[in-house]
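Trainee: Please take one part of this structure and examine it closely, strand by strand where that helps.

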Amino acid sequence: MGAAKDAGSIIHDPLLKADNILIRGADVQALPLPLPEITEDNRHFWTGGAEGKLQFQYCPQCDYYLHPPGPVCPKCYQRSLVVKAVSGKATLLTFSLNYQPWMPGLEVPYAVGIVEMAEQKGLRLTTNIVNCELDKIQIGMPVQVVFQQADDVYLPLFEPVRG
Amino acid sequence: MTIQFNEKNCAITGIGQSPVGRKLGRSALDLTVEAALAAIADAGLKPSDIDGVATWPGANTNHPGMSPIGVFELKDALRLQLNWFSGGMEAAGQFGSIVNACAAIACGLATHVLCFRSLTESSAQTATRRASVSGSDGERVSGLGQWAVPFKAFSASIWTAQFAQRHFHEYGTTREQLGWIAVNQRRNAALNPKAVFRDPITIDDYLNARMIATPLCLLDCDVPVDAATVVIVSRMDAAKDLRKKPIRIESIGCAHHGRFSWDQHDDLTTQQALRDAAQMMWARTDLKPKDVDVAELYDGFSFICLNWLEELGFCGLGESGAFVEGGTRIALDGELPLNTHGGQLSAGRTHGFGFVHEACTQLWGEGDARQVKNNPQVAVAAAGGGVFGTSLLLTTD
């Protein structure tokens with residue numbers, strides 16, 4: 001069952017486990033689906049979901065969140081950045097429903113989207129829109145974060161705001 | 001003008017191309033040497049005249065067939081004696097090599113620079129492995145790819161589809177409009193004996209094609225091929241007595257002022273690099289969009305071509321759907337003949353260099369059945385999408 005069809009706030013998609021090797025016969029290469037490499041620079045982003053938090057680097061002087069993470073605030077060039085959690089509320093700016101099976105074992109269709117966090121104009125993520133019928137997905141819809149665990153990574157996905 | 005823009009002292013003096021096709025079964029170096037010798041001969045030069053070589057993105061073994069050879073293999077095969085050379089990905093896209101060549105010539109580092117782009121993506125493609133798909137090697141993803149690939153955004157088709165969706169949302173652009181890029185180019189490809197796909201298609205064929213990533217279908221995507229394409233860029237004073245009338249590089253646009261990212265652009269209806277490049281190009285010339293006789297604009301995905309039409313000022317922002325609708329304005333006999341060889345959608349993914357090759361073909365009047373009438377004298381060739389973009393204004397004046 002694909003991620004987009006699952007119910008519940010935490011989704012366990014076996015395809016996204018890095019150790020889940022898909023075998024489709026001797027002539028097909030075994031392919032785990034890719035996860036991000038965790039580094040000191042990005043650990044807050046990829047693992048914050050373990051505590052239910054979506055976290056970004058933040059410059060207190062400028063009141064500015066950075067994404068992707070970096071070693072300096074690009075506005076004031078101060079290096080005193082902190083990690084700060086956001087609400088997880090966002091707006092869907094655009095999306096695409098992918099139908100192409102890019103690799104063996106990939107369940108399609110699924111929704112890729114770009115969301116903008118409520119805290120800051122321009123604070124954007126590419127993500128998946130889940131827990132929503134694909135034909136109900138619309139640009140401008142309010143969404144909220146939901147985490148999908150795979151090994152040590154908590155992928156921030158987004159679902160429609162309920163109610 | 002008070003500022004001297006020194007690309008005006010550079011000219012394209014010869015072009016060459018290997019066969020273009022699916023799984024040709026030839027090595028990348030073999031194809032490149034064929035194209036290089038053809039281009040050198042086309043210019044009326046000898047291999048010993050070539051004192052510079054430039055290529056983008058340089059030899060790259062990470063993506064099979066995407067850029068299988070670089071400067072050094074070609075240099076050694078032809079025993080070139082180079083005063084200057086450059087290969088690598090950190091440039092403004094596929095024409096980054098041509099930009100670098102002009103910079104080297106303007107600086108007096110070289111006189112005749114051979115610029116090439118070689119691919120064997122068709123031969124390299126297997127059931128599980130494509131050069132254009134990231135994250136299929138089982139490794140953890142780092143760098144910029146980590147912000148897309150873990151969300152199964154494996155391919156530029158998905159990234160580009162999101163721009164198209166936003167464009168459709170803001171401006172009311174439709175698939176019925178976008179489809180005319182594919183239909184018009186197939187019509188042109190029917191007149192190009194080297195094109196990969198030459199059978200006519202209709203808008204209905206387009207609308208019924210298999211969906212890849214909404215709103216883009218299979219006919220919105222270019223076709224991987226094996227091919228090598230070469231252009232020779234020469235210093236103008238050394239170009240005047242060669243075999244052909246030099247095609248002067250009137251202006252270059254290679255700026256990139258926005259974020260280096262596919263999802264952090266201010267305006268998600270377009271691709272920032274294209275806007276910056278186009279504005280820079282027009283700022284370096286007295287010519288205007290209305291002066292352009294033929295446009296060869298990158299179409300790795302058809303929607304990128306709409307973006308280039310708008311950013312280059314051939315129509316207003318948001319107006320490209322209506323501009324191409326019906327396919328008359330962009331036809332060979334229209335007001336802006338577009339992608340006259342069939343583009344990458346139908347003539348094959350020569351990755352940018354097919355556009356500059358075709359622009360020169362048209363300006364030299366060598367287009368045969370697809371030749372634009374009335375002696376075109378000004379062409380735009382543009383390559384790149386997303387974070388990569390360069391546009392070239394070319395003229396035979």
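Mentor: Helix H13 (residues 353-363) of chain B lies across seven strands of chain B, namely strand E1 (10-17), E4, strand E7 (226-235), strand E8 (247-253), E9, strand E10 (378-383) and strand E11 (390-395). Relative to E10(B), the helix H13(B) runs at about 170°. Helices (H or I, at least four residues) and strands (E, at least two) are DSSP runs, numbered from the N terminus; contact requires C-beta atoms, placed from the backbone, within 7 Å; axes are lines fitted to C-alpha atoms, for helices over the stretch in contact, with angles from 0 to 180 degrees between N-to-C directions.

The model is predicted: local features need pLDDT (the predictor's confidence in each residue, from 0 to 100) of at least 70, side-chain atom pairs count only at pLDDT 80 or more, and totals for chains, interfaces and linings use all residues. Residues are numbered from 1 along each chain as its sequence is written, while chains are lettered from A and ligands numbered from 1 in the order in which they are written.

The sheet in chain B is open and mixed, with nine strands in the order E3-E2-E4-E7-E1-E8-E11-E10-E9; strands pair if DSSP finds at least two bridges between them. Its edges are strand E3 (84-87) and strand E9 (294-297) of chain B, each pairing on one side only. From one strand to the next, the twist averages 25°.

Consider now the end of the sheet that holds E3(B). Strand E2 (residues 52-55) of chain B is joined to E3(B) by four bridges, and the two run parallel. Within this pairing B:Gly52 faces B:Trp84 of E3(B), and B:Ala54 faces B:Ser86 of E3(B). The path from E2(B) to E3(B) passes through H2(B), a right-handed β-α-β crossover (clockwise from the first strand over the helix to the second, with the strands pointing away from the viewer). Helix H2 (residues 71-78) of chain B lies across E2, E3 and strand E4 (112-120) of chain B, at about 145° to E2(B).

E2(B) also pairs with E4(B), again in the parallel sense and over four bridges. Here B:Ala54 has B:Cys115 of E4(B) as its bridge partner. In a regular strand the side chains alternate between the two faces of the sheet. In E2(B) both faces are covered, with B:Gly52 and B:Ala54 buried on one side and B:Val53 and B:Thr55 buried on the other (buried: 20 or more other C-beta atoms within 10 Å of the residue's own, C-beta atoms being placed from the backbone).

Note on methods:
Contact = placed C-beta atoms within 7 Å. Buried ≥ 20, exposed ≤ 12 C-beta atoms within 10 Å, placed from the backbone.
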